[in-house]
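Thanks for coming. I have one structure to go through today, so please bring it up on your screens.

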Amino acid sequence: MKVLMIDVGGTNVKLMASGHEGYRKVPSGRGFTAAKMVKGVLAATKDWEYEAVSLGFPGLVREGCIARNPLNLSGGWMDFDFDKAFKRPVRIINDAAMQALARYESGRMLFVGLGTSVGAALIADDTIVPIEIGIMRLSKSEGFMDRLSKEAMNSHGKARWQKAVVRALAVLRDVFWPDHVALGGGNAKYLDPVPEGCERGDNQDAFRGALRLWPGTDMLAEVQTTTWRITRKPVRKESK
C-alpha cells in the first residue's frame, strides 16, 4: 500500500510518501488550522500518488479521532473530516506515538520528541501509550514545556536547554523504567553529547511508524480507546 505520512509540527508539517525519497515541508504556526493543513499538503503533494494517509497529530487522540485542538496551532481540528478532505482513508495517531512506533522493536521503550514543544510515548510489550508530559513539573515554577521547548532553547541558550533535557530524562526514567530511550523531533540534533543511554533518531524515521498503521508491514498498530495495540506479522517457518 502506498502511504502518505503527515507529521504535524508547530513550525512545519513534514511529508513523506511511499516511492518517494526525502521529505517535503509545509509551514505551520499559531494560525494553522486543519483546513489550511489540508490545502497546503494537497498542493505540496499534487505529483505524489498514495492510497492512504497516516496523520501524526501533536495532541490528544482518542479512538483514532482528535480529542482536543493543539496547544501550539490554531483551532478547527476536532470533528474535521480528513477522509473526505483527502478522498482517502486517514488514520490519526499522536505524533510522538507515531515516531515511537517507528523505532520500536520489543520490550519497554520510551520516546521523547523535542520540537516546538515536547511530546512523549511509551511502548510496553506491544502497547503504545501516548504521554502528555508538557505540564509535568521540572521545578517548582516550571514544567517540561517551559524548559524543553524550542522557545526555551532560543531564550536560555543550548547549554541550559541541554541540562534541562538531561534532568527531564532522568525523571522520566525513574517513572517509566524503559529498556530503551529514543529521542527525536527537530531539536534533538542540537543535543551534544547525546544523553547517556539514549539513541537519537531523525525526523524521517517517523515514516516507518506511518507505514505500520496499515496492513502489509512487519507490525500493525491498531487503535484501541486511548492506546494502540501492535500485532506482528507471523514469521514463516522454512520447510525442511
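**Two sheets and what packs on them**

Start with the open sheet of 5 strands, which are ordered E3-E2-E1-E4-E7 with mixed pairing. At its edges are E3 and strand E7, residues 90–94, each paired on one side only. On average, neighbouring strands here are turned by 20 degrees against each other, direction ignored. I should say now that this is a predicted model.

Inside that sheet, E1 and E4 run parallel and are joined by 5 bridges. To find the register, take Asp-7: its bridge partner in E4 is Gly-56. Helix H3 packs on this sheet and touches E1, E4 and E7, with its direction at about 95 degrees to that of E7.

Next, helix H1, which covers residues 34–44. Which of its residues are buried? They are Ala-34, Met-37, Val-38, Gly-40 and Val-41. Part of that spacing is what you would expect, because an α-helix has 3.6 residues a turn and residues three or four places apart point the same way. The buried residues of H1 pack against E1, strand E2 (12–17), strand E3 (24–27), strand E4 (52–57) and helix H2 (82–86).

Now the other sheet. This one is also open and mixed, with 7 strands in the order E12-E11-E8-E9-E10-E14-E13. Strand E12, residues 198–200, and E13 are the edge strands, each pairing on one side only. From one strand to the next, the twist averages 25 degrees.

E13 and E14 are antiparallel, with 5 bridges between them. Glu-222 has Arg-229 as its bridge partner in E14.

Two helices to look at on this sheet. H3, which we have already met, lies across E8, E9, E10, strand E11 (180–184), E12, E13 and E14, and runs at about 45 degrees to E9. Helix H6, residues 158–176, lies across E8, E9, E10, E11 and E12, at about 155 degrees to E8.

On to the cores. In soluble globular proteins, nonpolar side chains tend to be buried together. The largest nonpolar core in this model has 26 residues, and the members that touch the most others are Met-5, Met-109, Ile-123, Ile-128, Leu-213, Ala-221 and Ile-230. At least two residues each come from strand E1 (3–8), helix H3 (95–103), strand E8 (108–114), strand E9 (118–124), helix H7 (206–211), strand E13 (219–223) and strand E14 (228–232). H3 gives the largest share, 5 residues. Apart from this core lies another, of 25 residues, including Val-13, Ala-17, Phe-32 and Trp-48.

If you want one residue to click on, try Ile-230. Leaving out residues up to four places away in sequence, Ile-230 touches Leu-101, Tyr-104, Ile-123, Asp-126, Ile-128, Met-219, Leu-220 and Ala-221.

A word on one glycine. Gly-143 sits in the loop between strand E10 (127–131) and helix H4 (144–148). Is Gly-143 buried or exposed? With a relative accessible area of 1%, Gly-143 is buried. Its contacts, again without residues up to four places away in sequence, are Gly-134, Met-136, Arg-137 and Leu-138. The C-alpha atom of Gly-143 is 9.7 Å from that of Ala-168, which is 25 residues away along the chain.

Last, the cysteines. How many disulfides does the structure hold? It holds 0. Cys-65 is partly exposed at 46% relative accessible area, whereas Cys-198 counts as buried because its relative accessibility is 12%.

That is what I have.

Conventions
Residues numbered from 1 in each chain as written. Predicted model: local features only at pLDDT ≥ 70, side-chain atom pairs only at ≥ 80, totals over all residues. Heavy atoms only, no water. Disulfide = S-S within 2.5 Å. Buried < 20%, exposed > 50% of the residue type's maximum accessible area, 1.4 Å probe, protein only. Core = buried A, V, L, I, M, F, W, Y, C linked by side-chain atoms within 4.5 Å. Helix = DSSP H or I, 4+ residues; strand = E, 2+ residues; numbered from the N terminus. Contact = heavy atoms within 4.5 Å. Pairing = 2+ DSSP bridges. Axes fitted to C-alpha atoms, helices over the stretch in contact; angles between N-to-C directions.
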